[in-house]
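Work through the exercises below with the sequence and the model open. Each task is followed by a solution in steps.

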Amino acid sequence: MQKLLLSVAVMALAASSVAAAPSAVDAQRILRDTQVLSSDEYEGRAPASEGERKTVAYLTEQMKAAGLQPAGDPLPGGGRAWTQDVPLARFATTGPVGVGVVVNGQAQTWTQGQEVAIRAAQTGADRITVRDAPVVFVGYGVTAPERNWDDFKGVDLKGKVALVLVNDPDFETGQGDFGGKAMTYYGRWTYKYEEAARQGAVGFLVIHETAPASYGWATVKNSNTNEIFDTVRKNPAEAHAPIEGWVQGNVAEGLMKAAGFDFDTLKKQAQTRDFKPVALTGVTFSADYAVDVQKVVSKNVVGAVMGSKHPGERVVYTAHWDHLGVGQPDAKGDRIYNGALDNASGTALLLELGRAFAKAPKPDRTVMFLAVTAEEKNLLGSEYYADNPLYPLATTVAVLNMDGVGPNGLAKDFTTSGNAPLTLQDELIAVGKARDRYFSPDPRPEAGSFYRSDHFSFAQKGVPAISFGGGQDLVPGGKAAGQAKRTAYTADKYHQPADEFDPAWDPKGFEADGTLLFDLGRKLANSRIWPEWKDGAEFKAEREKTKAMRR
């Protein structure tokens, strides 16, 4: 998931009662909580670790101190716990990962994390052994009958390993059958792996290129060579191929060249619906490694301010507390992935919003604060809540997600991850206007950010949900400064040990972001507004099924 820097401005209008109100949030407390949660003591906050235990204890302690009510799992004797149990399956490679290819009779040994990043297999097997599997290029690996698109053309992939491009067929040209530059779900690496299992392949290796992936190889390596988590499945081998991983773009290009093909030519062919899979004759793939498989229980942390008039209707703030834990060392030898921006900062803002609502006059509707686990493991904590809601989704008013609060000071604009076709975004724009701020569409729709944060789990169930993003039009510095900071973060810190707390961060942006999100939540909590998906939105039909329950 690309994390957008949240750094937005409050330039209050004297004529507006909303703008004239003092800030409800304290930036220094947000910074303090961010520093604590991203300290080495919390060991990168991996699920099912000592870092999780400390994180959950800290979040619970802060919610209690704020005056929130526990809103987690029901307790046997009545009342609620502060947490929701999230059962997960954990998979970790043990020992060396043996991986390589034979190219025209010559063996090439690959190194985990260099040429390739192989994920711990999620099939339930304790050892994966693949010997001399044929290699096939399958273009973008898309089966989309509603678009009359099939990259596989009936080719049998059983026993084979496929190379697959990341993103959509439209990415290079910006036009075509997939809506142009904005990524669809077909472009996500998660979809590619789902398709690998459906096709019966030994595995898919996603070809890494920085632009269509939207992040560099360091992010891929760090995210895919540590522990992997999944929901607990009855038949995990039906959902996962044995081999799921990434391969460096130049490495894949070399394999194609050795088989007599040009990478760029094949890519252009893959951008058309006439594409057919291409066997890389003379190239075979082998791998051998052990997997430790365990069932674990992680925790979502849940607190609430109960509504005075409509307590059964809930406005929900979300942020993921987890990060990558302890992993491969960087060039400096640092192995702790502190995740200060991603997402200790968003979690800290969640806590501060809880304090603000607890101190404010009681809202008409309940306001809930949900800190979810395992976002970095493919949104598993929010997915579990959405599949097993503690409170009815039909009367969940909206989900406001926070994934990274910007340290760069004030900005004139703000955004969301993906341009969501729903009236909730219109409400956000309206409260932003009252604060003299303007909305900027997602600056990188090709990154597929809508599918990469926890709001997506709720959107799939029909709940109006957005992930708030800070602007890039900085005060001072303008858009050029904002773009430069975002680019530098993605390249040098995103999913790397360098994502650490910096005492030089400007608190003004934290306060501005929190103020806007408080304004929006307060407006929803003290009104009869029910945000809706707009006509044509893919999630509208699901929401409409429960319309009678909202009055």
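**Exercise 1: Glu383 and its helix**

Task: find which residues Glu383 touches, leaving out residues up to four places away in sequence.

Solution. With contact taken as heavy atoms within 4.5 Å, Glu383 touches Thr231, Asn378 and Ser457. This is a predicted model, in which local features need pLDDT of at least 70 and side-chain atom pairs count only at pLDDT 80 or more, while totals for chains, interfaces and linings use all residues. Residues are numbered from 1 along each chain as its sequence is written, and side-chain values use heavy atoms, with hydrogens and water left out.

Next, place the residue. Glu383 is in helix α11 (residues 380-387); helices (H or I, at least four residues) and strands (E, at least two) are DSSP runs, numbered from the N terminus. Its relative accessible area is 28%, so Glu383 is partly exposed. The scale is: buried under 20% relative accessible area, exposed over 50%, partly exposed in between (1.4 Å probe, protein chains only).

Then compare sequence with space. Glu383 and Gln460 are 77 residues apart in sequence, and their C-alpha atoms are 9.4 Å apart.

Last, look at the rest of the helix. Leu380, Gly381, Ser382, Tyr385 and Ala386 are buried in α11. The buried residues of α11 pack against β2, β10 (228-231), β12 (278-305), β16 (365-372) and α13 (455-459).

**Exercise 2: Three partners of α10**

Task: describe how α10 packs with α2, α3 and α15, giving angle, axis separation and contact residues.

Solution. Axes are lines fitted to C-alpha atoms, for helices over the stretch in contact, and angles run from 0 to 180 degrees between N-to-C directions. Angles under 35 degrees count as roughly parallel, over 145 as roughly antiparallel, 65 to 115 as roughly perpendicular and the rest as oblique.

Step 1: α15. Helix α10 (residues 340-359) packs with helix α15 (residues 507-525) at an angle of about 50°, and their axes are 10 Å apart. The pair is therefore oblique. From α10, Ser345, Leu349, Leu353, Ala356 and Phe357 meet Phe510, Gly514, Leu517, Phe518, Gly521 and Arg522 of α15. The contact of α10 with α15 has 7 nonpolar, 3 polar and 1 charged residues. In this count Ala, Val, Leu, Ile, Met, Phe, Trp, Tyr, Cys and Pro are nonpolar, Asp, Glu, Lys and Arg are charged, and the others, Gly among them, are polar.

Step 2: α2. Helix α2 (residues 27-37) and α10 pack at about 135°, with axes 8 Å apart. α2 and α10 are therefore oblique to each other. Arg29, Ile30, Arg32, Asp33, Thr34 and Leu37 are the α2 residues in this contact, and their partners in α10 include Ala340, Ala344, Glu352, Arg355 and Lys359. The contact of α2 with α10 divides into 7 nonpolar, 3 polar and 6 charged residues.

Step 3: α3. The axes of helix α3 (residues 50-66) and α10 come within 9 Å and cross at roughly 20°. α3 and α10 are therefore roughly parallel to each other. Tyr58, Leu59, Gln62, Met63 and Ala66 of α3 make the contact with Thr347, Leu350, Leu351, Arg355 and Ala358 of α10. By class, the contact of α3 with α10 has 7 nonpolar, 2 polar and 1 charged residues.

**Exercise 3: Backbone exceptions**

Task: locate cis peptide bonds and residues with positive phi.

Solution. As background, most residues other than glycine have a negative phi, and most peptide bonds are trans.

Step 1: cis bonds. One joins Asp342 and Asn343, with omega about 5°, and Asn343 is in helix α10. Another joins Val475 and Pro476, with omega about 0°. Pro476 lies in the loop between β20 (465-470) and α14 (478-492).

Step 2: positive phi. Ala48 has a phi near 60° and is in the loop between α2 and α3. At 24% relative accessibility, Ala48 counts as partly exposed. Asn378 has a phi near 85° and lies in the loop between β16 and α11. Its relative accessibility is 31%, so Asn378 counts as partly exposed.
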